[in-house]
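Hi,

Here is the structure I promised to pass on. Have a look at it first, and then read my notes below.

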Amino acid sequence: MKRFIAGEDRQQATLLPDCLDDYVTVDNPVRLVEVFVDELDLTTLGFAGAVPEATGRPAYHPATLLKIYLYGYLNHIPSSRRLERETQRNIELIWLTGRLMPDFKTLADFRKDNGQAIQAACAQFVVLCRRLNLFSKAVVAIDGSKFKAVNNRDKNFTAAKVEARLAQVEASIGRYLAALDRADREQSDVAEARTTRLTERIAGLRAQMQALQAMGRQVEAAPDGQVSLTDSDARSMATSGKGTGMVGYNVQAAVDAEHHLIVAHAVTNVGSDRAQLASMGLLAQEATGCGTITVLADRGYLNGDQVLACEGTGVLPCVPKTLTSGHAKRGLFTGQDFVYGAEKDHYTCPAGQHLTKGLARSDRRAEGDEMDHYRNLTACLDCALKPRCTPAETRRVKRWVHEGVLDAMQARLDRMPDAMKIRRQTVEHPFGTLKAWMGATHFLTRTLAKVRTEMSLQVLAYNMKRMIQIFGVGPLIAAIRA
């Protein structure tokens, strides 16, 4: 092979063997993994085995196993079996572990048994970012995204699914019974074989019906009306596309608007974001260390009780109001056409009349009712705009007793006209990146506790890559050692 670059002879011996450190450049991210894990206090974080036993076979140090996993998630290798193979052939992992090669069971058990400690290690990287003053602007965007679980949709049952499948089985039994009746009227060897086959299928369908009926009883007894067979904690969740629901988990993330770092995250098996605003806002506030933090979220987070829970905590939510009234489609004035005056506690209607608060009788007000009613009994009688206002005798406007916190939130949104654009540009990209890394199967582990551990490793790898892009490997290593 003349005039080509030639490789070395495999049989050629060398007098001085190559140093393993020479194969890893100074700006290789694997050096950052080494320094970050070595600087962690694994005993304080709660890693099992950080203090060795006095007797018995020596175990792998948890720092070594954590380095392997962090390297794996940085390079999209989350599987313990694949990591076992990589420790035997990957020069970076050989350098990182000092030629240690744990088997896949050791790696899998480490991830399973150290969930809380791994999540604490992820939080420590956010502490590093805070120490570098990366959260000075105190603006975060939060959102939730559905991630697929190991559980298949056919292995998830709800009352509606059980009912639909029972109807399908009943229809199939009816078709087979009709076919069996036709086969009984035929006199041939083929008809006899067909009768035997149809009888077996009907018996199988009846057994399936009994299993579905038993599953229906389990679904009724379940607290949330769902049963998942493969992953007991996974839940069926609706997505934006029609008929595209998945069985999985709802991952919540709070992302810094300036550097797009994930400052806080949580995993839940509740499909709705409605009750997540306050908890995610407080997590983000604690992680950034800011006394006052602005939280941007979409309409899916609008919940008056959640906004009220943020009042006085330093968390300033900015969530657009949801317009649910059907008056606009009918050509009638909507609630936005009635202007509230806080000083005199009344509404001004489009005709310029004032709607005042009515006195509700205590014996007619339902328990827990926190709505006040505003009306003008005399002005509505001969108002020229009444056909465009209400078909009823008078127009009534409802107001929540804590509506002031929603008005204050709307005022913040009015002062930030690009708030929703910033939210979308900030928080949508990390979810897309994480799902691209995780592939079509998404989560590899089962149950909520293990899924939270897996997501913490993904978030730690994502934040580390972001920091490498912002600072570079060398300065970041120096900052960690400082």
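What follows is a short tour of the aromatic rings and a couple of charges that sit over them.

Before you start, keep in mind that this is a predicted model. Also, a pair of aromatic rings is described by two things, the distance of the centres and the angle of the planes.

The structure has eleven aromatic pairs. One of them is Phe47 with Phe110: the ring centres are 5.9 Å apart and the planes are at 10°, which is under the 30 degrees cut-off, so this pair counts as stacked. Phe47 sits in the loop between helix H2 (42–45) and helix H3 (62–74), while Phe110 belongs to helix H6 (residues 104–113), so the pair links distant parts of the chain, 63 residues apart.

Phe110 has another partner, Tyr69. Here the centres are 6.2 Å apart and the planes at 20°, so this pair is stacked too. Because Tyr69 is in helix H3 and Phe110 in helix H6, the pair ties together parts that are 41 residues apart in sequence.

So are these rings buried or exposed? Phe47 is buried, with a relative accessible area of 5%. Phe110 is buried as well, with a value of 5%, and Tyr69 is buried at 0%. Add Tyr73 and you have one aromatic cluster, formed by Phe47, Tyr69, Tyr73 and Phe110.

Now for the charges. Arg399 lies over the face of Tyr340, 3.5 Å from the ring centre. Over the ring of Phe147 you'll find the charged end of Lys435, at 4.9 Å from the centre.

Cheers

Definitions and conventions. Residues are numbered from 1 along each chain as its sequence is written. This is a predicted model: local features need pLDDT of at least 70, side-chain atom pairs count only at pLDDT 80 or more; totals for chains, interfaces and linings use all residues. Side-chain values use heavy atoms; hydrogens and water are left out. Rings of Phe, Tyr and Trp (its six-membered ring) pair if their centres lie within 6.5 Å; planes under 30 degrees apart count as stacked, over 60 as edge-to-face and the rest as tilted. Helices (H or I, at least four residues) and strands (E, at least two) are DSSP runs, numbered from the N terminus. Buried means under 20% relative accessible area, exposed over 50%, partly exposed in between (1.4 Å probe, protein chains only). A charge sits over a ring if NZ of Lys or CZ of Arg is within 6 Å of the ring centre and within 35 degrees of the ring normal.
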